[in-house]
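The following paragraphs lead the reader through one protein structure, element by element. The sequence and the model are shown first.

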Amino acid sequence: MFKFILTEVRGPVGIITLNRPEILNAWNRAMRDELVVAFDQFEKQDGVRAIILTGAGDRAFGAGQDLNETKTFDADRAEEWVAEWERLYHRMRTLSKPLVVALNGVAAGSAFQVALLGDFRIGHPGVRMGQPEINSGIASTTGPWIMKEMIGLARTIDLTLTGRLMDAEESHRIGLINRIVPQDRVMAESLALAEELAAKPPVAMRLDKQRFREMTEAGFRDSLAAGVRIQREAYASGEPARMMEEFLAKRAAKRA
């Protein structure tokens, strides 16, 4: 049914795997659409009481946006792009079931944001996380919103403007990774946590998650409105397309 993701159920746990390992699980519109469908399906399955989101391969949870898609955007397409992210993020934020993110490598840009929308994150010492969008000419709007909610304004400014990636120890120290385990134990530990959460009373779980969403909804909506305004201006300027072409050319040269 799916082209860019995999799904399976293990007992009370539904597992979604981003499945484009050849490009570090970077996503395009089709992959985002598939994620929404998969979350919808698990939300409706009574036997699934918790969800794990992870990435295929051992190099990355996700590299974020596939720049081969966004390099062709104009202002109108950029606005549509924000709406696509709204659909995915809203679906994740309205899940009634706990979401564990199993980090098996880099989580960058929008993949970093998606990881932060999970309820728990389990990683290994080689994980790196951050918001490098500025390096490819993409202005950040939803990223600063979710980071500010979790780590405060000063760290949000640092990560957004430098585009640097944090190592696992720093991410754990500031609360973005809940547990660090050996790489070969990430999925096992994620399953154990998901099964523990699946055994919790479902009504209380749903209401707690509902309240977390209510507490952060105003900021989420503000970030989306800002996203439309900012991305239209950015893409109308032509800078993102130029920067992404340069970024992709440099990456190709390093691989040659």
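In this predicted model, a convenient place to begin is the residue pair Val9 and Gly14, since Gly14 in strand 2 is the bridge partner of Val9. This pair belongs to the antiparallel pairing of strand 1 (residues 5-10) with strand 2, which extends over 6 bridges. The two strands form a hairpin with 2 residues between them, and in this hairpin Gly11 adopts a positive phi near 60°. In general, the strands of a sheet pair through backbone hydrogen bonds, in either a parallel or an antiparallel sense.

Strand 2 also pairs with strand 3 (residues 50-55), and here the two run parallel, joined by 6 bridges. Gly14 appears again in this pairing, where it stands opposite Ile51 of strand 3. The chain passes from strand 2 to strand 3 by way of helix 1 (residues 29-44), and the three elements make a right-handed β-α-β unit.

How many of the residues of strand 2 are buried? For strand 2 (residues 13-18) the count is 6 of the 6, so the strand is largely enclosed by the rest of the structure. Both of its faces are covered: on one side Val13, Ile15 and Thr17 are buried, and on the other Gly14, Ile16 and Leu18 are buried.

The loop between strand 2 and helix 1 deserves separate attention. Leu24 lies in this loop, and Asn25 is found there as well. Leu24 has a positive phi of about 60° although it is not a glycine, and Asn25, likewise not a glycine, has a positive phi of about 60°. Are these residues buried or exposed? Leu24 counts as partly exposed because its relative accessibility is 25%, whereas Asn25, with a relative accessible area of 1%, is buried.

The description now turns to another sheet. This open sheet is formed by 4 strands in the order 4-6-8-9, with mixed pairing. Its edge strands are strand 4 (60-62) and strand 9 (165-167), each of which pairs on one side only. On average, neighbouring strands of this sheet are turned by 20° against each other, direction ignored. Strand 4 and strand 6 (residues 106-108) run parallel and are joined by 2 bridges; within this pairing, Ala107 in strand 6 is the bridge partner of Gly62. Helix 4 (residues 110-117) packs on the sheet and touches strand 4, strand 6, strand 8 (128-130) and strand 9, and its direction makes about 100° with that of strand 6.

Further parallel pairings occur elsewhere in the chain. Strand 5 (residues 99-102) pairs with strand 7 (residues 120-123) in the parallel sense over 3 bridges, and Val100 stands opposite Phe120 of strand 7. Strand 7 in turn pairs with strand 10 (residues 179-180), again in the parallel sense, over 2 bridges. In that pairing, Arg179 in strand 10 is the bridge partner of Ile122.

Between strand 8 and helix 5 (142-151) there is a loop that contains Ser136. With a relative accessibility of 7%, Ser136 counts as buried, because the limit is under 20%. Apart from its neighbours within four places in sequence, Ser136 is in contact with Leu67, Pro240, Met243, Met244 and Phe247.

Helix 5 follows this loop. Of its 10 residues, 7 are buried, so helix 5 is largely enclosed by the rest of the structure. The buried residues are Thr142, Gly143, Pro144, Trp145, Ile146, Met147 and Ile151. Their cover includes helix 3 (75-93), helix 4, helix 6 (153-162) and helix 9. Just after helix 5, Gly152 takes a positive phi of about 90°.

The last topic is a pair of helices. Two packed helices are described by the angle between their axes and the distance between the axes. Helix 9 (residues 202-237) and helix 10 (residues 239-255) pack at an angle of about 65°, and their axes are 4 Å apart. Helix 9 and helix 10 are therefore roughly perpendicular to each other, a class that covers angles of 65 to 115 degrees. In their contact, Ala234, Tyr235 and Ser237 of helix 9 meet Glu239, Pro240, Arg242 and Met244 of helix 10. By character, the residues of this contact divide into 4 nonpolar, 1 polar and 2 charged. Pro240 and Met244 are also among the contacts of Ser136.

Technical notes:
Residues numbered from 1 in each chain as written. Predicted model: local features only at pLDDT ≥ 70, side-chain atom pairs only at ≥ 80, totals over all residues. Heavy atoms only, no water. Pairing = 2+ DSSP bridges. Axes fitted to C-alpha atoms, helices over the stretch in contact; angles between N-to-C directions. Contact = heavy atoms within 4.5 Å. Buried < 20%, exposed > 50% of the residue type's maximum accessible area, 1.4 Å probe, protein only. Right-handed = clockwise from strand over helix to strand, strands pointing away. Parallel < 35°, antiparallel > 145°, perpendicular 65-115°, else oblique. Nonpolar A, V, L, I, M, F, W, Y, C, P; charged D, E, K, R; others polar.
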